[in-house]
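Thanks, I will keep this short. Two topics today: a helix pair, and then the enclosed spaces. Please have a look at the structure first.

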Amino acid sequence: MNMSMVKVMLPGEQVQVPQDSTLAQVAEQLAPGAVAARLNGELVDLTHPLDQDAKVEFITVASPEGLEILRHSTAHVMAQAVRRLFPGARLAIGPAIENGFYYDFDVPEPFSPDDLTRIEEEMEGIIKADLPFKRQELDKGKALGLFAGEEYKEELIEELPDESVTIYSQGEFVDLCRGPHLPGTGHIKAFKLVNVAGAYWRGDSSRPMLQRIYGVAFPTQEELAEHLYMLEEAAKRDHRRLGRELDLFSIHEEGPGFPFFHPKGMVLRNLLEDFWREEHAKRGYKEIQTPIILSEQLWRQSGHWDHYQENMYFTKIDDAAYAIKPMNCPGAMLVYKERLHSYREFPLRLAEMGLVHRHELSGVLHGLMRVRCFTQDDAHIFMLPSQIKDEIMGIIDLVDYIYRQVFGFEYRVELSTRPENSMGSDEVWERATTALQEALKSRQMEFTVNEGDGAFYGPKIDFHLRDCLGRTWQCGTIQLDFLMPERFDLVYVGEDGERHRPVMIHRVVLGSIERFIGILIEHYAGAFPLWLAPVQVRLLAVGERHSEYVLGLEKKLSGCGIRVESDVRSEKVGYKIRDAQMQQVPYMIVVGDKEVESGMLSVRHRRQGDLGVMSVDEFVQRVEKESRSKQGD
RNA sequence: GCCGGCGUAGCUCAAUCGGCAGAGCAACCGCCUUGUAAGCGGUAGGUUGCGGGUUCAAAUCCCGCCGCUGGCUCCA
């Protein structure tokens, strides 16, 4: 018998196999750890047959794609377990996510933590049975029949563009799925269900709330354990915890979402603001300040009344209606309108550290990261249409300078386009969005597009930073606005002597001072670089007889502009060092008989330990140099 | 706002089945006079988030509210 062969091109080698062999058969010989494959560029299951010559790359769970498959398959196993334990549960969607997966279920009763344990046990059984994942293609009509009564699956099937859909099954469990999947459930080695949460179907709060179970999954138990350990470590960096331990800020039941800054938090905050002012002055910004409470009429004119009312607080003064500002722009408009402007003044950059109040839903408040009042490092820039691109590029440079060069943050950029409830014509939106896009492209920034997430008055570029758990928070934003100038009838006198309409940019760099401080706390795990450290030096008296000398030294150092405090408590030196270490004080100076006699300083660094002896001048210079560098440990 | 979990001393956490609210750290007082990550002893600290209910008896069980928290939605 003449068996026909096909050529399989693998990275670095080429083999011939009988036609209609499966990829699994090839993998058995050549890639024992494979769980899936890339066949002519497309991800497929190992059960896929080879009917013609093909380029093949095998995938293991060590690769990002393999890991995603592992997690996705684990989600299916979880759904199977849930179905066994809760036969009435209807399935929604169950994708792989960072570190794991989730699956949404419609169940009459929410899952309890005990249920999670039972589900985990059921999953173990399914894994032990090593059920193969089977793929099947069928037309939509048949699929709808198969999933009859599964309203979420029906909705998904109806929306799929192709006439045929694929389903996967393992054992008795069948699910609509594009795949690919692991060869069998036995390939799952390490997973854990971590929590349950309510989640609206398709993220729409007007639709039913489903129960979402989150899990994590890794190729090995070791990696899973490592991940769980990392989470524990991350919790130690949580700004809410460090804010209390380092006495930076507090939030009270009497003011949910309204943070209180303590003396040390204020030092940090003021230093950050000083830095901000310096950098903005260098770049031609003028600073203004506008009131927190302004007439409701103004907010009607700006469009906030129609588009932002739900987030605003209102009040009355002498029976007249006022609103507490949720944004700074209308105030800046009034400043602009104070007098007539010439094109020669442009771009006119009016900055404002503006305290805004917004009614955020109670369920979203989170330490300093999401609050109900915060200070925006705002600026409104008025300019000619021809200046848009340069101006936006200048702001991108400033953001990059502060985020990356000064603080060493990794950040993500998003372009947000027109939302549903917005003002203005399509044409204006189109123009503004294109301008932002072009600025990003000429700066060669990588960015993702966030459809429908713009402000109600214009599209925006957002800069996102990560917290200790990898959650991202929007910080900087650049918003282009053709509408507000229209609404407030802003004009400038052009070269031609005629009046024209200026273009405006709203922008923040840090975003919210509060949120940015939250990010800083987590980024440095409380060990702020010297220039930001609320206390830079702590003097530790060895015995009580050294107190007086220590206090004199404190005066001397603080006279040199160093933030210093003294510990003259009746405690051992080891105790004082431990205390200063835990407070993340960068420098400790031990003062005993030797130092009093010699006039030298015994310096300890919070990371490098004992630095030995140096003179006061030497130490002051060291501190000044390190502060100027803005470098961390 | 919605779904789940949680709320005990300033902080971290105990308190068996519903049976006298407890420990460590911090604070305060005293002893020690201290040399590079926690010296010793003592004192004080609580309407168990708030309000109802069940019970002979509630931190514990039930209901409502407040707050925190993980998500969803929303957003700097």
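**Helix packing and cavities**

H12 and H13 are oblique to each other, because their axes meet the angle criterion for that class. The model is a predicted one, to say that at the start. Two packed helices are described by an angle and a distance between their axes. For helix H12, residues 388–406, and H13, the angle is about 55° and the axes are 9 Å apart. Their crossing is right-handed.

Which residues make the contact? From H12 they are Ile 388, Lys 389, Ile 392, Met 393 and Ile 396, and from H13 they are Ala 435, Leu 436, Glu 438, Ala 439, Leu 440 and Ser 442. By class, that contact has eight nonpolar residues, one polar and two charged.

Now the cavities. How many of 30 Å³ or more does the structure hold? There are two. The largest has a volume of about 120 Å³. It is lined by 14 residues, and those closest to its centre are Lys 264, Pro 534, Val 535, Gln 583 and Gln 584. Seven residues of this lining are nonpolar, three polar and four charged.

The second largest cavity holds about 30 Å³ of space. Its lining includes Val 428, Trp 429, Ala 432, Tyr 457 and Asp 481. Two elements, helix H13 (426–442) and strand E28 (472–481), each give two or more residues to this lining. H13 supplies the largest share, three residues. Eight of the lining residues are nonpolar, one is polar and one is charged.

So H13 comes up in both topics: H13 packs against H12, and H13 also contributes to the lining of the second largest cavity.

Note on methods
Residues are numbered from 1 along each chain as its sequence is written. Chains are lettered from A and ligands numbered from 1 in the order in which they are written. This is a predicted model: local features need pLDDT of at least 70, side-chain atom pairs count only at pLDDT 80 or more; totals for chains, interfaces and linings use all residues. Side-chain values use heavy atoms; hydrogens and water are left out. On a 1 Å grid over the protein atoms alone, a cavity is a set of points where a 1.4 Å probe fits but cannot get out, and a pocket is an open set with protein on both sides within 12 Å along at least five of seven lines; lining residues have an atom within 4 Å of a point. Grid points are joined across faces, edges and corners, and a volume is the space filled by probe spheres set on the points. Ala, Val, Leu, Ile, Met, Phe, Trp, Tyr, Cys and Pro count as nonpolar, Asp, Glu, Lys and Arg as charged, and the others, Gly among them, as polar. Helices (H or I, at least four residues) and strands (E, at least two) are DSSP runs, numbered from the N terminus. Axes are lines fitted to C-alpha atoms, for helices over the stretch in contact, and angles run from 0 to 180 degrees between N-to-C directions. Angles under 35 degrees count as roughly parallel, over 145 as roughly antiparallel, 65 to 115 as roughly perpendicular and the rest as oblique. A crossing is left-handed if the near helix is turned anticlockwise from the far one by less than a right angle, and right-handed if clockwise. Contact means heavy atoms within 4.5 Å.
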